[in-house]
Amino acid sequence: MSIETHIEKVVETPGILVVYWANGEVSNYPYLYLRDNCPSLSTIHSNGQKLIETSGINPAISPENTTLTEENEVQIDWSGEEHSSLFSAQWLFDHRLSKAAIAERHAKRNAMDRKVLWDEKLNNNLPAGDYAAVSASNEALCVWLEQVRKYGFAILRNVPAEPGMVCKVVSLFGYVRETNYGKLFDVKTTVNPNNLAFTSLGLSAHTDNPYRNPTPTLQLLHCLQSSAVGGNSIVVDGFKVIADLKAHSPQMFHLLSTTPVTFRFADQYNHIKRTETIIGLDVFGEVNAIRFNNRSVQPFEVDEDHMTAFYAAYQYLAKLIDDERYFVQFKMEASDLFIVDNERVMHGRSAYDGTAGQRFLQGTYADRDGLLSKLSVLKRDLARLVKSA
Ligand SMILES: [Fe+2]
């Protein structure tokens, strides 16, 4: 036990247990918080799920007795119930409640989840894996999924050019997200298409399905045939674009992250809509999504005093997204697949000549949480293997 996780003494005060650490730090823990998070198996299952109702705890609960054990654990015998809680020094240290301690843990988690923002320079070093390797080896799968986590985009090569393989790739890390387009959808030129994607026209970079709630967070596209001229795939890191937009104009960033915008899709069988901001922020105010799809966006409902400023921000963003300095471009050959984080990395394509050859892709959606869960489990299991070797 290091000096910082060694407890010198504990003192009961009204409503709060005060812990004095050997390094001089002092931490306060409300009794209600301690009772609610008692680590005993009658309170928390071994899988981490809480077994008690927080609402049922007396908000004025207090200890009958508190002891610092020889093992440097804190034992609390609760007043008014036949129950004792035993907290390790490590648990108490890991759950210090000062603003500084909470901020430190938040920064640590952020550092572990750090994403790498990119622009055209990533063309020199495309994140890519090989299907045979990732389907046969947990290490290779872990490396590929980590690329998806870090860059929001990765290529997978040598995926057999057979229908349905795109769903098989999803089964390596999660589950297909079925939509009105089906479990998977074909992307090739069709007559009377219900979506611009099913034509041979160019498509500027966009996120898919912002009209859906929840929006699918991953998209995969697999190439089965590629003999048409043109039709390069383009991907753009929306988080990099947003970072640059924010540096250029915090006011534009503010408008795009606070103004509600509606996206909509309708055809004979569907009518789907969602109202959200173009730049999504998480509860800490950090960017966690971009929703950009000029085809499905509806007339902005911004008051007349602010419409001009909103358009300036929207057009500035759209021009950045269309700026080749952000483009990662590649021609998909048969058996190539790529995956994008659909709330971070936008995808598009240049126009192709659909009369002089074939271009046939299959796509599907999946969810990021399943991929991150699989990645987390793989990292844990591989670390255990390394430890036991
Ligand atoms: Fe798309």
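In the predicted model, helix α5 (residues 138-151) and helix α10 (residues 368-388) pack with their axes 9 Å apart and at an angle of about 135°. Because angles from 115 to 145 degrees fall outside the roughly perpendicular and roughly antiparallel classes, α5 is oblique to α10. The crossing in which α5 passes α10 is left-handed. On the α5 side, the contact is made by Asn138, Glu139, Leu141, Cys142, Leu145, Glu146, Val148 and Arg149; α10 contributes Leu371, Leu372, Lys374, Leu375, Leu378, Lys379 and Leu382. By residue class, this contact of α5 with α10 comprises nine nonpolar, one polar and five charged residues.

Helix α5 also takes part in packing against a sheet. Six strands, in the order β7-β8-β19-β11-β22-β9, form this open sheet, and their pairing is mixed. The edge positions are held by β7 (128-130) and β9 (185-187), each of which pairs on one side only. From one strand to the next, the twist averages 25°. Helix α5 packs on the sheet by touching β7, β8 (153-157) and β19 (337-341), and the direction of α5 makes about 150° with that of β8. Elsewhere in the sheet, strand β11 (residues 218-226) and strand β22 (residues 359-366) run antiparallel and are joined by eight bridges. Within this pairing, Ser226 has Arg359 of β22 as its bridge partner.

A second helix pair is formed by α7 (residues 238-248) and α8 (residues 250-258), whose axes come within 5 Å and cross at roughly 125°. Helix α7 is therefore oblique to α8. The contact involves Ile242, Leu245, Lys246 and His248 of α7, together with Pro250, Met252, Phe253 and Leu256 of α8. Six of the residues in this contact of α7 with α8 are nonpolar, one is polar and one is charged.

Strands β4, β5 and β6 are linked by successive hairpins. Strand β4 (residues 63-68) pairs with β5 in the antiparallel sense over five bridges, and Asp77 in β5 is the bridge partner of Asn65. Five residues lie between β4 and β5 in their hairpin, and Asn72 in the turn has a positive phi of about 65°. Strand β5 (residues 74-78) in turn runs antiparallel to β6, to which four bridges join it; here Ile76 has Ser85 of β6 as its bridge partner. The hairpin of β5 and β6 likewise has five residues between the strands, with Gly80 in the turn at a positive phi of about 85°.

Burial differs along these strands. Strand β5 is mostly covered, with four of its five residues buried. In β6 (residues 84-87), the side chains alternate: Ser85 and Phe87 point to one face and are buried, while Ser84 and Leu86 point to the other face and are not buried.

The contacts of Leu34 connect helix α1 (residues 31-36), in which Leu34 lies, with residues of these strands, including Ile76 and Phe87. Leu34 has a relative accessibility of 1% and therefore counts as buried, the cut-off being under 20%. Beyond residues up to four places away in sequence, Leu34 touches Leu17, Tyr29, Ile76, Trp78, Phe87, Trp91 and Leu92. For one of these partners, Ile76, the separation from Leu34 is 42 residues in sequence and 9.2 Å in space, C-alpha to C-alpha.

How values were computed: Residues are numbered from 1 along each chain as its sequence is written. This is a predicted model: local features need pLDDT of at least 70, side-chain atom pairs count only at pLDDT 80 or more; totals for chains, interfaces and linings use all residues. Side-chain values use heavy atoms; hydrogens and water are left out. Buried means under 20% relative accessible area, exposed over 50%, partly exposed in between (1.4 Å probe, protein chains only). Helices (H or I, at least four residues) and strands (E, at least two) are DSSP runs, numbered from the N terminus. Two strands pair if DSSP finds at least two bridges between them. Axes are lines fitted to C-alpha atoms, for helices over the stretch in contact, and angles run from 0 to 180 degrees between N-to-C directions. Angles under 35 degrees count as roughly parallel, over 145 as roughly antiparallel, 65 to 115 as roughly perpendicular and the rest as oblique. Contact means heavy atoms within 4.5 Å. Ala, Val, Leu, Ile, Met, Phe, Trp, Tyr, Cys and Pro count as nonpolar, Asp, Glu, Lys and Arg as charged, and the others, Gly among them, as polar. A crossing is left-handed if the near helix is turned anticlockwise from the far one by less than a right angle, and right-handed if clockwise.
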